[in-house]
Amino acid sequence: METDKKVTINDLITQCKTYLHKDKNIEIIEKAYEFAKKYHEGQFRKSGDPYIQHPLEVAYMISQYEASPQTVCAGLLHDVLEDTEATKEDIINEFGEDIYSIVDGVTKISKLKYMTKERALAKTHQKILLAMAKDIRVVLVKLLDRVHNMRTLMYQSEEKQVRISQETLDLYAPLAHRLGMYRIKAELEDTAFKYINPQEYERITKVLYDQKDARNEDIENMKSQISQILSDSNIKTFEIKGRIKNIFSINKKMTNKGLTMEQIYDFMALRVIVPTIADCYMAMGLIHAHYNPLPGRFKDYIATPKPNLYQSLHTTVLGIGGKIFEIQIRTFDMDAVAEYGIAAHYNYKESNSSYTPAKEQEELSTKLKWYHDLLGYVESDDNDEDPLNNIKEDIFSASVYVFTPKGDVLDFPNGSTPLDFAYRVHTEVGNHTVGAIVNGRIVNLTYRLKTGDIVEIKTNKNFNGPSESWLKIVKTSHAKNKIGNVLNKRMRDELVLAGKDDFERELKLENEVLKLDDKLIKDNFSKSNIFSIEDFYYEIGKGTMSSKAAINKLLCKNEKVTEDTIIKHYEDKKDIIHHHNNDSVIYVEGLPKAQVKLANCCCPVYGDEITGYVSKGNGIVVHRAECHNIKNSQEERFIDVYWDDAAKTKTYNSILYIYSFDRRNIVAEMINIVNGINNVNISSMSSSKDRNGELVTKMKITVNSIDTINLVKVNLKKISDVYKVSRIIK
Ligand code: MN
C-alpha cells in the first residue's frame, strides 16, 4: 500500500476478514479502533489528518502480514499509552494482559533514548532494542509504525527529517534486515536516503527511470526465454519476476566498490520461483546449460542459509544480447521468507481450535530460542566472522539491560542483582545499599534483574557496609572486587588492633618502655616493607612478626639467633652451596657464595619481602614471602635471604594482571600510562575476556624495584573502568 489513498476502518476489516473468520476476532479489532479513536479525539498529525489515521495505517500493514488479532489491536492502540489519557488498567480491562503487553513493549522501545551523535552505539542500541522487544509482535508493530512515520516524514521540519532518517538507517533498517524483512528494510532505507542525500537520490531514480523502457524490454525477453526453457523441462509450475530496486543499496554499492551507477545498473535482475528445492537445482542446471555463468558468482544459500533464514540460489549469467543478468532461484516458501522475514513464520493460524494463550506462549518460546540465537548476530551477515562464535558468546555473556531512574541503560550479565547495579552506579552507593526498588516495588537484594527493569537503590550513610554474604549475591567481578576491598580493609583494621594489643602486652611482660613513632618504625623495619605504626601492628596481628622479636630489634637486643639455623641448612645441603654466583642480587646470611635464583612463579623484584627456599638440586630459590607455591612447603627448607646492595641497579621481570571493563581503547590507554613511567618497559601483553565479558589483561614488564611496580599499579587504577591491578591472577 504505497498509494496516497487513506486506509479506512472498512479497509482494515475487509483485509482482516481475508484470514480471520471468527466474529469475536473481528469484533475486538473494531473495539480497539473505537477505543483508540476516542482517546486520540482532537489530536492531529502534522499532515492535518486526525491522529487515528496513523494507528489505522499501522494496523492495516500488520494485517497484511496476517498477524494475530491481538497484534492488529496492538497496532491500533500502540500510541494511546504514550500520547493519551488511557491507562494501563484501561487497556487491561478492555483488551486483556496480552494485548497490553504488546502495547507496553512498543511504548518502552519508543522511550529508548537514541543519540545520533554516538553512531558507534548503534549496534548496542539494536541489541537493546531486540532484547527489550523479545516478543516478535512488538518488533513488527514498531517497525511498521516507523514505516508509516517515514511515509509521512515530508510534513516534519527539515531538522527532524534528517534526524529521524539517520535513526532509521542506524537502527530500524538493520533490525528489519536482521529479521529478514526485506520489503520493510528496502522501503525504510530508500525513504531515509531521500532525506539524507536528496541529490544522489534524485540522480539514481532518474537513471532508473530513463533506462526503464530499454531495460524492461531486455528483461521481458529474458523472462520469456527462461519460461520456455522451464516449460520444456519437468518444472510445470513456476513464476519469474523482475526485482524491486533498492536505491539505498545501489548507492552503497557505488560508494563501497567504487563503481559507477551505469556499471551497477548493467546488472539486470530476475527471480525464478519454483515449487521444490529439487526444482531449484534443476532450474539452475537448465539456466547454466543455456547461458554462460560468470565464474565465482554462484552462491548456494539453500544448503547454507543466511543467519536471517534467507534461502536462495544466486548466479550471474551472460543473457540475451551479451547482457549480464543476476538470477535468484528459490521456492515459494523461501520467497515469502525473503520478503517478509521472520514474520512469514509467524502468521496467525485461526483454524487451530485448541488455541490457548499457554499454547501460544509455548510456540513462541521455541521460536524465541531461535530468535535469541539471532540476537548474537551483532554484525550484519555480510561479514566473514564465524556466526557460531557470535552465538556462543551471546549464550555465555547473555545480557540484561536495565534502566536507571533517569532513563540511562546499563547492561549486566544474566543473573545480576540490584547490588551489581548499585556498585556499577558508584562504589559508595554499593557500600551503603540498604534496599532496592524495581519498577516501583521493593525487592530483595537477591532479586535477579530483568531486561527493561527500572532500578532504584536505597542507601543509608550510617549503614556499616557489605558483609561476607554479599559476595554470594553479586554476579559481576566488579562488584565482587569492590566488596572484597571493604572486607579486606575491615579485616586489616581488626588485625591492626589485635597486633597493638599483643605488642603492648608483650612490652608489659618484658617490663620495657617504648615510645613508637612512624620514623622509628621505618628506620628499623623498612627492609620488610613496614613503613608506619599501622603496618607494624598489622604484621604482628597477622603473625608474620612476633612482638618479642620486634621489641628485641627496637631495643637493639638482637642476638644472632639465626646462625644455628643457617648452619643446620649448610649441614643438610652441603652439595648445593658449592656453586658460586658472583652476580647474585641476594645475600644469604652466612652463605655469601650460595647459588641463588629468583623464582619464576612470583617474580620477586628488589624491595619485595622475600624468603629463600632450599630446593632439591636447584640451589636456593628466592620467592616472594606471599607466594602461594611455597605456602605448604617443608618449614626446615626455608632460609632467610636479603636483597644485596647490588640489587638496586638491576632490572627484574614482573607480571601484572589488570581487570577492567571491555571498552574501546582501554588497552591503548594502559600502554600509554605505563610508557609514561620511568624505569618500566613492557615486554609483552595479552588480553582476554572472562565469562562475564570483563577484560583481563596480562602485562609483562621489567622494573627496577617494588616502588616502580607500586607506581605502575596506582597509575593503571586511575584509568576509568580499571578496577583491579594485581601481581597474582585472581
Ligand atoms: Mn506511532
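Among contacts between residues at least 6 apart in sequence, 67% join residues at least 24 apart. With the whole chain of this predicted model displayed, note that 46% of its 730 residues count as buried. The secondary structure comprises 29 helices and 20 strands.

**Colour by confidence**

Colour the chain by pLDDT. The average is 79, and 81% of the residues score at least 70. Select helix α2, residues 23–40, where confidence is highest in the chain, at a mean of 95. Then select helix α19, residues 387–396, where confidence is lowest, at 32. Two further stretches merit caution. Residues 115–120 have a pLDDT below 50, and beyond near neighbours in sequence this stretch makes 5 contacts in the model. Over residues 558–582 the pLDDT likewise stays under 50; the model has 32 contacts for this segment beyond four places in sequence.

**The manganese site**

Select the manganese ion together with His 54, His 78, Asp 79 and Asp 145. The two histidines coordinate the ion through NE2 and the two aspartates through OD, at 2.2 to 2.4 Å. Along the chain, the donors follow the spacing H-x23-H-D-x65-D. Within this set, His 78 and Asp 145 link distant parts of the chain, being 67 residues apart. His 78 is in the loop between α4 (69–77) and α5 (80–83), while Asp 145 belongs to helix α9, residues 136–151. Are His 78 and Asp 145 buried or exposed? Both His 78 and Asp 145 are buried.

**Helix α17 and its surroundings**

Move to helix α17, residues 332–340, and show the side chains of Met 334, Asp 335, Val 337, Ala 338 and Glu 339, which are buried. Next, display the elements against which the buried residues of α17 pack: the helices α11 (182–196) and α16 (277–290), and the strands β1 (239–242), β2 (268–274) and β5 (324–331).

**Strand β8 and the loop after β10**

Select strand β8, residues 433–438, and within it Val 434. Val 434 counts as partly exposed because its relative accessibility is 45%. Leaving out residues up to four places away in sequence, Val 434 touches Lys 458, Thr 459, Asn 460 and Phe 463.

Add Lys 461, which lies in the loop between β10 (455–459) and α22 (470–473). Lys 461 has a relative accessible area of 64% and is therefore exposed. A distance query between C-alpha atoms gives 9.6 Å for Val 434 and Lys 461, which are 27 residues apart along the chain. The corresponding C-alpha separation for Lys 461 and Thr 433 is 8.8 Å, with their positions 28 residues apart in sequence.

Continue along the chain to Asn 439, in the loop between β8 and β9 (441–443). What is the sign of phi at Asn 439? Phi is positive at Asn 439, about 50°, although the residue is not a glycine. Most residues other than glycine have a negative phi. Asn 439 counts as partly exposed, because its relative accessibility is 45%.

**Cys 603 and Ser 654**

A positive phi of about 50° also occurs at Cys 603, again not a glycine. Cys 603 is found in the loop between β12 (596–598) and β13 (610–614). With a relative accessible area of 12%, Cys 603 is buried.

Now select Ser 654 in strand β17, residues 652–660. At 2% relative accessibility, Ser 654 counts as buried. Which residues surround Ser 654, leaving aside neighbours within four places in sequence? Ser 654 is in contact with Cys 603, Val 605, Met 699, Lys 700, Ile 701, Ile 709 and Arg 727.

**The crossing of α23 and α26**

Finally, show helix α23, residues 477–510, with helix α26, residues 547–554. Their axes come within 9 Å and cross at roughly 65°. The crossing is right-handed. From α23, select Asp 502, Phe 503, Glu 506, Leu 507 and Glu 510; these meet Ser 547, Lys 548, Ala 550, Ile 551 and Leu 554 in α26. By type, the residues of this contact divide into 5 nonpolar, 1 polar and 4 charged.

Note on methods: Residues numbered from 1 in each chain as written. Predicted model: local features only at pLDDT ≥ 70, side-chain atom pairs only at ≥ 80, totals over all residues. Heavy atoms only, no water. Axes fitted to C-alpha atoms, helices over the stretch in contact; angles between N-to-C directions. Helix = DSSP H or I, 4+ residues; strand = E, 2+ residues; numbered from the N terminus. Left-handed = near helix turned anticlockwise from the far one by under 90°. Contact = heavy atoms within 4.5 Å. Nonpolar A, V, L, I, M, F, W, Y, C, P; charged D, E, K, R; others polar. pLDDT = per-residue confidence, 0-100. Donors = N, O, S within 2.8 Å, 3.2 Å for Na, K, Ca; no water. Buried < 20%, exposed > 50% of the residue type's maximum accessible area, 1.4 Å probe, protein only.
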